[in-house]
Amino acid sequence: MQPVHRWRGGTPGPSWFLKGRALHQAGGVPFEFFSDPRFAAYAHLDYPLLVPLTVAGTYAWTGDIETVMKAWWPLLAGACCAGLFWGLQGLAPAAVRLAGVLLLLGIPELARHVLGDYNGYADLPLATFALFGAVFFYRSLRNDEPRAALVAALFFGLAGFTKNEGLVIAAAGCGLILAHG
């Protein structure tokens with residue numbers, strides 16, 4: 001049985017990192033994953049599988065190297081910083097973009113998701129997709145770039161496949177794009 005991380009308050013929560021490892025070791029998504037009630041206690045069977053399937057695919061691609069998998073979440077945090085700094089290039093001064101990156105890096109919860117208790121959870125991928133969706137939507141509004149709106153819709157749509165909460169972000173983001181279009 002897969003180890004269970006503990007959230008604040010003591011209720012069990014899933015680590016998509018561990019779920020992805022189990023999917024990799026099983027060679028795919030076994031039917032029992034959806035039909036066995038023992039999984040329901042900790043596996044959040046109602047959650048989308050984008051993050052654990054990405055983890056399983058990365059395990060298969062890298063040859064089952066733990067260090068590489070643990071680096072996935074710091075890379076997502078770096079992508080968020082790059083998205084803020086270079087994604088807003090031409091739309092905001094460099095000092096403002098740098099201040100945004102420093103503010104992002106100063107959020108203690110980010111460190112908990114990157115290196116701490118929540119490494120392997122789907123909150124950081126959801127935040128990354130939402131951030132990139134917002135940046136490209138802003139670019140489409142400011143520069144009247146229809147392609148940027150399509151890329152924003154892609155990122156908002158991917159947010160819907162990370163967690164159930166991502167469906168709200170996907171609906172709101174795509175709704176804003178359609179309303180503006």
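Start by selecting helix 6 and helix 9: helix 6 passes helix 9 in a left-handed crossing. Before you go further, keep in mind that this is a predicted model.

**Stop 1: helix 6 against helix 9**

Helix 6 covers residues 72-87, and its axis comes within 10 Å of that of helix 9, with a crossing angle of roughly 15°. Angles under 35 degrees count as roughly parallel, and that makes helix 6 roughly parallel to helix 9. Now show the side chains where the two touch. From helix 6, colour Trp 72, Trp 73, Leu 76, Ala 77, Ala 79, Cys 80, Gly 83, Leu 84 and Gly 87. Their partners on helix 9 are Leu 124, Pro 125, Thr 128, Leu 131, Phe 132, Val 135 and Arg 139.

**Stop 2: zoom out**

Switch to cartoon view for a moment. The protein has 11 helices and 2 strands, and along the sequence they run β-β-α-α-α-α-α-α-α-α-α-α-α. Of the 181 residues, 40% are buried. If you take the contacts between residues at least 6 apart in sequence, 60% of them join residues at least 24 apart.

**Stop 3: His 113**

Next, select His 113, which sits in helix 8 (residues 108-114). Is His 113 buried or exposed? His 113 has a relative accessible area of 8%, and buried means under 20%, so His 113 counts as buried. To see what surrounds this side chain, leave out the neighbours within four places in sequence and display the other contacts: Trp 73, Tyr 118, Asn 119, Tyr 121, Asp 123 and Leu 124. Two of those may look familiar from the first stop, where Trp 73 of helix 6 and Leu 124 of helix 9 took part in the helix contact.

**Stop 4: the loop after helix 9**

Follow helix 9 to the loop that joins helix 9 and helix 10, and pick Asp 144 there. Check the backbone: phi of Asp 144 is near 50°, a positive value in a residue other than glycine. Most residues other than glycine have a negative phi. With 63% relative accessibility, Asp 144 counts as exposed.

**Stop 5: helix 10**

Keep going into helix 10. Put a distance between the end C-alpha atoms and you should get 20 Å, which agrees with the 20 Å expected for 14 residues at 1.5 Å a residue. Which residues of helix 10 are buried? Select Ala 148, Ala 149, Ala 152, Phe 155, Phe 156 and Ala 159. Turn the view to look down the helix axis: the buried residues fall within an arc of 120°, so they line one face of helix 10. An α-helix has 3.6 residues a turn, so residues three or four places apart point the same way. The other side of helix 10 has Pro 146, Arg 147 and Leu 150, which are exposed. Helix 9 and helix 11 are among the elements that cover the buried residues of helix 10.

**Stop 6: helix 11**

Helix 11 (residues 164-180) gives you another end-to-end check: its 17 residues should span 24 Å, and the end C-alpha atoms are 25 Å apart, which agrees. Highlight the buried residues Gly 166, Ala 170, Gly 173 and Ile 177. Looking down the axis again, you'll find the buried residues of helix 11 within an arc of 80°, so they line one face. What do they pack against? Helix 9 (123-143) and helix 10 (146-159). Turned away from the buried side are the exposed residues Val 168, Ala 171, Leu 178 and Ala 179.

**Stop 7: helix 1 across helix 4**

For the last pair, select helix 1 (residues 16-26) and helix 4 (residues 50-62), whose axes come within 7 Å and cross at roughly 55°. That makes helix 1 oblique to helix 4. The contact involves Trp 16, Phe 17, Lys 19, Gly 20, Arg 21, Leu 23 and His 24 on helix 1. On helix 4, show Val 51, Pro 52, Leu 53, Val 55, Ala 56, Tyr 59 and Ala 60. This crossing of helix 1 and helix 4 is right-handed.

**Stop 8: His 24**

Finish on His 24 in helix 1. His 24 counts as partly exposed, at 24% relative accessibility. Beyond residues up to four places away in sequence, His 24 touches Ala 56, Tyr 59, Ala 60 and Asp 64. Try one more distance: the C-alpha atoms of His 24 and Thr 58 are separated by 9.0 Å, though the two are 34 residues apart along the chain.

Definitions and conventions: Residues are numbered from 1 along each chain as its sequence is written. This is a predicted model: local features need pLDDT of at least 70, side-chain atom pairs count only at pLDDT 80 or more; totals for chains, interfaces and linings use all residues. Side-chain values use heavy atoms; hydrogens and water are left out. Helices (H or I, at least four residues) and strands (E, at least two) are DSSP runs, numbered from the N terminus. Buried means under 20% relative accessible area, exposed over 50%, partly exposed in between (1.4 Å probe, protein chains only). Contact means heavy atoms within 4.5 Å. The expected span of a helix is 1.5 Å times one less than its number of residues. The arc is that of the directions from the helix axis to the C-beta atoms. Axes are lines fitted to C-alpha atoms, for helices over the stretch in contact, and angles run from 0 to 180 degrees between N-to-C directions. Angles under 35 degrees count as roughly parallel, over 145 as roughly antiparallel, 65 to 115 as roughly perpendicular and the rest as oblique. A crossing is left-handed if the near helix is turned anticlockwise from the far one by less than a right angle, and right-handed if clockwise.
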